[in-house]
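Student: I would like to know what stands behind the labels on this protein. Can we take them one at a time?

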Amino acid sequence: MSKKYLLLVDDEENILRALSRELEDWIAERHIELLFANNGKKALEILKEKGKETVLIVSDLRMPEMKGSELLLRVKEEYPFIVSILLTGYSEIEEIIKSIKAGIFSYILKPWDSDYLLSEITKAYEYAELQRSHHRILLQMQEELRWAGEMQRNLLRPNLPASEKVEFRVSYKPLVYCGGDYYDVITLSPDRYLILLGDVAGHGIRAAIITGILKAVIYPEYVRTSLTRTISPAHFLSWLNDRMNFELRRTTGILITFFAGIMDLQSNILQYANAGQCHPILVRHKTVYELPVAGSAIGYAQNVNFNEQITQLQEGDILSFFTDGLVEYKKDNDHIITISAKTIFEGVEYTQEYHKNILNRALEISGTKNFTDDVTILTARIQG
């Protein structure tokens, strides 16, 4: 069992002895050790060594060199999980206000009532234990999310095809360690690639599990069995919609947007269909175009047929596929604003930091410092 300490701070020795007698049975029941300091500076020296194990601090207000209010402010800044109680025989309003700013749990006047003193210290101790327990749980959750995020990145990380004719790049920024964005580039045959980008509504573990299901079914159940025949993005989305409706039949509130495109560099075309995903952006000779084609999201209805379009490709074209975290931002009161994708991509040169510059440009236009959803950008530059 790790040690726990209660620090008593008072410049009067008789007060420290009286408090020690009052707390003798209480600390024995809880296996807590008492620490003593006769001034604020001494208290801070003790906390440098034993601050992590100190649960409570009971401090006098009027002391030489450093007042109790100053001490408790320092404690709040440096040891936020220590719960503090102010014990004083004076009613100095200004100093009490400072102590309140320091987050004191209770304010007890001298001479104290024994029952009231023990009651307040008990409540403060229980609050401190609850606070530390919550912190441990939060750290555990963060560690599990971090682990899930690492597993997801390893699971989703595509082996981007290397080709003299096209350069693929991908950037993925989950909002919290792991998220609901799915992306892949699959080689169907020399110079033919299946480009996939999806977005599960929401973020975190729930959305990440769904992306794991997508990864588990798309290649083995559809792509691998289709390599010997001609497939189309519209057919793929219809299959995926039926498959996920079956997979999620007992789950409510799951919606998936998805883009599928086949890039054929022999014919120089992009054949594509869209299930509610953001319209891709094509930059050609510094002019920005949207590739609009609509379709209902995956999991919204059964037996859906998707529209399909074909776009001719030229050397130097930059195709960008992205999730809605790039263009949608939550403002105050969860109000969502949407910025123009074309505006984001206009004027951004294709360099080694293309994705970074796109992300910075989006934040600049939105007037925000951070994204409020998962963001994925997948680009393909036609090189001839």
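Tutor: We go through confidence, two sheets, their helices and a pocket.

Student: What makes the confidence of this model high or low from place to place?

Tutor: The model is predicted. pLDDT runs from 0 to 100, and the protein averages 86, with 88% of the residues at 70 or above. Helix α5 (residues 93-101) has the lowest confidence, at a mean of 60, and β14 the highest, at 97. Where pLDDT is low, predicted coordinates should not be read in detail.

Student: How do you know that β7 and β8 are paired?

Tutor: Pairing needs at least two bridges. β7 and β8 (residues 192-200) have eight, and they run antiparallel. One of the partners can be named: Y183 is bridged to L197 in β8. So β7 and β8 meet the cut-off and count as paired.

Student: What makes β7 an edge strand?

Tutor: Look at the order: β7-β8-β9-β10-β13, an open sheet of five strands with antiparallel pairing. β7 (181-189) and β13 (309-312) each pair on one side only, which puts both at the edges. Neighbouring strands in this sheet are turned by 20 degrees on average, direction ignored.

Student: Which strands does helix α7 lie across, and at what angle to β7?

Tutor: Helix α7 (residues 205-226) lies across β7, β8 and β9 (256-264), at about 15 degrees to β7. Angles run from 0 to 180 degrees between N-to-C directions, so a low value means the directions nearly agree. Helix α8 (residues 233-247) lies across β8, β9 and β10 (269-275), at about 150 degrees to β9.

Student: Why are β6 and β12 called edge strands?

Tutor: The second open sheet has the order β6-β17-β14-β11-β12, with antiparallel pairing. β6 (166-173) and β12 (287-290) have a single partner strand each, so one side of each lacks a neighbour in the sheet. The twist averages 20 degrees from one strand to the next.

Student: How do you know that β6 pairs with β17?

Tutor: Again, at least two bridges are needed. Eight join β6 to β17 (residues 375-382), running antiparallel. Among them, S171 has I377 as its partner in β17. So the pair qualifies.

Student: What packs on this sheet?

Tutor: Helix α10 (residues 354-366) touches β6, β11 (281-284), β14 (318-322) and β17. Its direction makes about 135 degrees with that of β17.

Student: What lines the largest pocket?

Tutor: The pocket has a volume of about 320 Å³. It is lined by 16 residues, and K52, E53, V55, R132 and R136 are the closest to its centre. Helix α6 (residues 114-156) gives the most, with four residues.

Student: How does the lining divide by residue class?

Tutor: Five are nonpolar, three polar and eight charged. Lys, Arg and Glu count as charged.

Conventions: Residues are numbered from 1 along each chain as its sequence is written. This is a predicted model: local features need pLDDT of at least 70, side-chain atom pairs count only at pLDDT 80 or more; totals for chains, interfaces and linings use all residues. Side-chain values use heavy atoms; hydrogens and water are left out. Helices (H or I, at least four residues) and strands (E, at least two) are DSSP runs, numbered from the N terminus. Contact means heavy atoms within 4.5 Å. On a 1 Å grid over the protein atoms alone, a cavity is a set of points where a 1.4 Å probe fits but cannot get out, and a pocket is an open set with protein on both sides within 12 Å along at least five of seven lines; lining residues have an atom within 4 Å of a point. Grid points are joined across faces, edges and corners, and a volume is the space filled by probe spheres set on the points. pLDDT is the predictor's confidence in each residue, from 0 to 100.
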